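Biologist: I would like to go through the terms used for this model one by one. Could you tell me what each of them rests on?

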Amino acid sequence: MDSHLLQTDVSLKPFNTFGVDVRARCFARIRSIEQLSMVLVDPRVRDLPRVVMGGGSNLLFTGDLDGLVLKIDIDGLRELEPLPHAWRVQVGAGENWHATVQRLLDMGRPGVENLALIPGQCGAAPIQNIGAYGLELAERFDSLRAWDVERGQVVSMSLTDCAFGYRDSAFKGALADQRIILDVTLSLPRDWQPVTGYADLAHELAARGVATPTAHDVFEAVIAIRRRKLPDPATLGNAGSFFKNPIVSRDKRGELIARFPSLVNYPLAGGRFKLAAGWLIDAAGLKGATRGRAGVYEKQALVLVNRGGATGGEILALAREIQTKVQEKFGVLLEPEPVIV
Ligand code: EPU
């Protein structure tokens, strides 16, 4: 095997948006399916514990990794045979997500502009079923190809195979560690309509005087909102929302509204309610808090930040404190969103 492929004792600081400095015993940057298949059977590393990563924007490393880190950098973008209702574009797992959104717009293939500026790579998008401003990846998903680790071959997976949920998929559950995503095929509606139901987005478009938005208008509006609310990982380490928005029963929501009339909540199908975790953390008095070198972002309490040199342990300790305080005040358990390694 190409001896340059496998590196040892590598700092992962440049490869995670929290900017946490941990080291990996072995590290390989994978640019093709051939490289992946070779590295997985290499006797030097095949029995080591493995972590597969993309842009490192939804990960928290809590210590050095005595194993193999595979950074998937498979590139490429090509249009496949369209369906009667949708264009289909296949994108390599290593392509940057936001650059792909921009490229699709430039190609006249809108449909994912609500997901502009989400950090990370295309291959990670299905893992947590990325979503923002009224749209989730699942709504624009055709299929993907993944490496089946046990069988040692490429397999194709449909929408149902992926079992997408809110910030969830089979890759976080039943298939965790069993599939390595190689490329993703998006399904982009031929009869494109803007998705503008999300309150923040509707306000932003109105403020810009846009009544009939083009895909480009939506793209620009989403970018503006995100720049205002979310820290840029290049200047302040973070992994976006640190917790999922919790889902509660009608009774629980009723009980909370009686005590906290300004509680931000949204009805879901099936009579359940989603609560804004950012509001809960804010109302628990933790917005802007600092513990050592870790903190809660001043403009969006759902985002934890590395104020400079924080360890994963410090960030995790702050996350635990938030969970405890929110649990005590509201009786609601916040579940972390990033993968904690
Ligand atoms: N809020 C507060 N205080 C805060 C933060 C939020 O009161 O500190 C309130 C806001 O005023 C608003 C509500 O909570 O009424 C919701 O806030 P926001 O619109 O910012 O959205 P979110 O629910 O906090 C979710 C996603 C984001 C996504 C936005 C927009 C999750 C876990 N997070 O955040 O996704 O960008 O909606 O769609 O679902 C991510 O996953 O990393 C991420 C950034």
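**Burial, salt bridges and a helix pair**

Biologist: Why does Glu337 count as buried?

Modeller: Its relative accessibility is 5%, and the cut-off for buried is under 20%, so Glu337 belongs in that class. Do keep in mind that this is a predicted model.

Biologist: Glu337 and Arg167 are paired; what makes this a salt bridge?

Modeller: The two side chains meet at 3.1 Å, N to O. The limit is 4 Å between a side-chain nitrogen of Lys or Arg and a carboxyl oxygen of Asp or Glu, so the pair of Arg167 and Glu337 qualifies. Arg167 sits in the loop between α3 and β12, and Glu337 in the loop between α8 and β20, so parts 170 residues apart in sequence are tied together. Arg167 is buried too, with a relative accessible area of 16%.

Biologist: How many salt bridges does this rule give?

Modeller: The count comes to 22. Another one of them joins Asp66 and Arg25, whose closest N and O atoms are 2.8 Å apart. Here strand β5 supplies Asp66 and strand β2 supplies Arg25, so the link spans 41 residues in sequence.

Biologist: Are Asp66 and Arg25 buried or exposed, and how do you know?

Modeller: Asp66 has a relative accessible area of 53%, and over 50% is called exposed, so Asp66 is exposed. Arg25, at 41%, is partly exposed, because that value falls between 20% and 50%.

Biologist: And what separates Lys252 from Glu255 along their helix?

Modeller: They are three residues apart in helix α6 (residues 250–259), or about one helical turn. Their side chains meet in a salt bridge at 3.4 Å, N to O, which is within 4 Å. Lys252 is buried at 17%, while Glu255 at 39% is partly exposed. Elsewhere, Arg29, Lys71 and Asp73 are joined into one network by salt bridges that share partners.

Biologist: Let us turn to the helices. Why are α4 and α5 called roughly perpendicular?

Modeller: Their axes cross at roughly 110 degrees and come within 9 Å. Angles of 65 to 115 degrees carry that label, so α4 and α5 are roughly perpendicular to each other. The crossing is right-handed.

Biologist: Which residues of α4 and α5 make the contact?

Modeller: From α4 there are Asp200, Leu201, Glu204 and Leu205, and from α5 Asp217, Val218, Ala221, Val222, Ala224, Ile225, Arg228 and Lys229. These divide into seven nonpolar, no polar and five charged residues.

Biologist: What makes Glu204 of α4 a buried residue?

Modeller: Its relative accessible area is 9%, set against a limit of under 20%, so buried is the right word for Glu204. Setting aside neighbours within four places in sequence, Glu204 is in contact with Ala221, Ala224, Ile225 and Arg228.

Biologist: One last residue: why does Leu70 of strand β5 count as buried?

Modeller: Leu70 has 0% relative accessibility, which is under the 20% limit, so the call is buried. Among the residues Leu70 touches, not counting those up to four places away in sequence, are Ala28, Ile30, Val52, Met53 and Ile180. By contrast, Leu70 and Glu220 are 34 Å apart, C-alpha to C-alpha, with their positions 150 residues apart in sequence.

Notes: Residues are numbered from 1 along each chain as its sequence is written. This is a predicted model: local features need pLDDT of at least 70, side-chain atom pairs count only at pLDDT 80 or more; totals for chains, interfaces and linings use all residues. Side-chain values use heavy atoms; hydrogens and water are left out. Helices (H or I, at least four residues) and strands (E, at least two) are DSSP runs, numbered from the N terminus. Buried means under 20% relative accessible area, exposed over 50%, partly exposed in between (1.4 Å probe, protein chains only). Axes are lines fitted to C-alpha atoms, for helices over the stretch in contact, and angles run from 0 to 180 degrees between N-to-C directions. Angles under 35 degrees count as roughly parallel, over 145 as roughly antiparallel, 65 to 115 as roughly perpendicular and the rest as oblique. A crossing is left-handed if the near helix is turned anticlockwise from the far one by less than a right angle, and right-handed if clockwise. Contact means heavy atoms within 4.5 Å. Ala, Val, Leu, Ile, Met, Phe, Trp, Tyr, Cys and Pro count as nonpolar, Asp, Glu, Lys and Arg as charged, and the others, Gly among them, as polar.
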